[in-house]
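Okay, thanks for coming, everyone. I'll put the structure up and then talk through a few things in it.

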Amino acid sequence: MMPGINLKVDNRTAVNTYGYPLHRLILSVTLVIITSLVSLHTGLAQKAIVTLEPKEIVIGQHAALRIRIEMPLEASVVYPAFSDTITKQIEIIRFGRPDTLMADDIPFVLEQEHIITSWEAGYHPIPSFDFLAVAGQDTLQFRSDALLLEVQTIDIDPEKGIKDIKAIWGIPLTFRDILPYLAGLIVLGLLVWLMIRYLKRPKGKEQQPTVWEQPDIPAHMAAFSSLSSLKNKKLWQAGKYKIYHSELANILRLYLEKRYSIRAMEMTTSEIMAVIDPLIKDPVHLNNLQQILEVADLVKFAKFIPEASLNESSMELAFDFVDGTKKIVTDAG
Amino acid sequence: MDIKELNERIQQESSFVELLSLEMGKVIVGQREMVDRLLIGLLANGHILLEGVPGLAKTLAIKSLANTIKAKFSRIQFTPDLLPADLIGTMIYSQKSEEFVVRKGPVFANFVLADEINRAPAKVQSALLEAMQERQVTIGDHTYFLEEPFLVLATENPLEQEGTYPLPEAQVDRFMLKVIIGYPTKEEEKIILRQNMLAESPATRPVLDSADIIKAREVVREVYVDEKIENYITDIVFATRYPADYKLPDFKPLISYGGSPRASINMALAAKAYAFIKRRGYVIPEDVRAVCTDVLRHRIGLTYEAEAENITSEDIINEILNTVEVP
């Protein structure tokens, strides 16, 4: 016999004496209030009627299994506890709740309906179920009749040919589906970026290899190169006097910065002359420099258009100035 | 515009500058820079604030400048109990005509010497500074325009002196230049000593009239400013606002506010006037550098951090000038 569950109907609190899961509880609910206890053996006989609708199903089709208890008096009824199968071949899809019905000729009727199915073709017996009715000190056991469920397989038309199992249907991807992968990619990218930053971090002084600094090209060499380049641009010949004299003055100012370590680029002509005066002994070079810078200032700030000879002489004076003031390095150092 | 022509014209028009300087030199010993700045203000139509400890001939210099020009001069000694009406004038009741008549104040002059401006409370300072900006004064229902040239030359004692009211930033910005007067050299002081021992003190005589000044101002406006110079000026002013953009990130926490557009305008005008004094028809970077400190020093706000480190606005301006590339 299947294990049963007792339900105390008076306070409507289910006590699971066997520790079954909740869904099993639903199967075994009983509603009864005992108003008067008389012997169960007197009056009408109790019945358990189990019906199946339909009795014949196709594989997987649902069928309703109805259990009806008819009692002469109100009593506490103990149902058999079902698991999710009745037999190995018959599954319970949905458990029904017991329902109390009132009938004219029967004092107490309980009904319950379960939905069952089967996935195996053939004839599957549904065994009889045992019920217990408890009224006061008296207990009575009664049983339902067994049934037969016929399960038919699906008809196959060999003329249409045998088809393969259908592939699993794909569903469209949503953002929510790709979100975890996206987050993973971002985290991975972040890790790679951090690693690159870590590898490219500036090394500490102690980690720096001892490399001798490449000697910079001498100031006069750089100046000669820039002056030659400017000369080849033929700017003043194209009427670009302002650019020509601005570049010429800037080449000399850069030369002075490198040669004498003064901030000539941030100085005006008069300031440069004041600073350079004690550093250059030959007054000819000083005059040359002053002339170049003053002509450049006139062109830059006073719309002065110099004669061709003045443009040429500025370039020649610049070469002379750099040549005359260049740092001479001897072998002795 | 032909620069050569302009140069020649300026050579002629600016000849009075030398005459004016010579006259000033009779009374003022040394202080060449202060005299130059007074001339800049005069020629660029900008008001000047002079700051220095008492006894450095600030008042004498302004008085002497006014004396060299045939123009109306008035002097107002600012005191804590001075009222705006003492400055701009008021309506008084005439019993004879049985009506209110306007009594104009000392601000109605060509040269106004506001002596020790920071000794008067804010409402009097505002009354004067409003007249400086608007060049007009309202008394009762009538608005009176101030006669040109109108130049306010204010002196200020350093704020450490007792009983002084600092000028608000917005009002101090209306002065084109703020000139700090230093002590004379030992040699200069000996000459001052000797001059003052004479029975009769030297005095200036008028060599110009106000019409000459107005005419000179028109020529000053024509002095050519190349785009390279304009860029240089804006670079300097922008360096006070965004020092980090000019390789001066250390100044960012030291400057609370930089120079206003009025600083750029005044720097260009003052540089033009300086070029005119140097008898040139065009502005060169030297001119900008010459006026830069006086134009900017009262227009840079320093933070508490700068004050705690004893960094002055002059320090900041010098470093900016040493960093911004000269065109």
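Let me start with a quick one: is Y242(B) buried, partly exposed or exposed? The answer is partly exposed, since its relative accessible area comes to 43%. And before I go on, keep in mind that this is a predicted model.

So, who sits with Y242(B)? Its ring pairs with that of F238(B), with the centres 5.8 Å apart and the planes at 50°, so we call that one tilted, since stacked needs under 30 degrees and edge-to-face over 60. F238(B) is partly exposed too, at 32% relative accessibility.

Staying with aromatics: across all chains there are 9 aromatic pairs. Over in chain A, F224(A) and F319(A) make a stacked pair, 5.9 Å from centre to centre with just 10° between the planes. What I like here is where the two residues come from. F224(A) belongs to helix 3, residues 219-233, and F319(A) to helix 7, residues 308-325, so this pair ties together parts of chain A that are 95 residues apart in sequence. How accessible is F319(A)? It's partly exposed, with 21% relative accessible area, so it falls a little above the 20% cut-off for buried. Also in chain A, there's an aromatic cluster made of Y79(A), F131(A) and F142(A).

Right, on to the interface. On the chain A side 16 residues are in contact, and they meet 20 residues of chain B. How much area do the two chains bury between them? It's about 1500 Å², with 54% of that on carbon and sulfur atoms. If you want to know who contributes on chain A, look at E266(A), F301(A) and K303(A): together they supply 41% of the area chain A buries against chain B, more than any other three residues.

Now the polar side of things. Between chain A and chain B we count 2 salt bridges. One of them joins E271(A) to R289(B), with the closest N and O atoms 3.0 Å apart. There are also 11 residue pairs in polar contact between the two chains, counting pairs where both residues are at pLDDT 80 or more.

Which elements of chain A give two or more residues to that side? They are helix 4 (241-260), helix 5 (269-276) and helix 6 (283-301). Broken down by class, the side of chain A touching chain B has 7 charged, 5 nonpolar and 4 polar residues.

That's what I had; over to you for questions.

Terms used. Residues numbered from 1 in each chain as written. Chains lettered and ligands numbered in written order. Predicted model: local features only at pLDDT ≥ 70, side-chain atom pairs only at ≥ 80, totals over all residues. Heavy atoms only, no water. Contact = heavy atoms within 4.5 Å. Buried area = accessible area lost by both parts, 1.4 Å probe. Salt bridge = Lys/Arg side-chain N within 4 Å of Asp/Glu carboxyl O. Polar contact = N/O pair within 3.5 Å; in protein donor to acceptor, adjacent residues only side chain to side chain. Helix = DSSP H or I, 4+ residues; strand = E, 2+ residues; numbered from the N terminus. Nonpolar A, V, L, I, M, F, W, Y, C, P; charged D, E, K, R; others polar. Phe/Tyr/Trp six-rings, centres within 6.5 Å; stacked < 30°, edge-to-face > 60°. Buried < 20%, exposed > 50% of the residue type's maximum accessible area, 1.4 Å probe, protein only.
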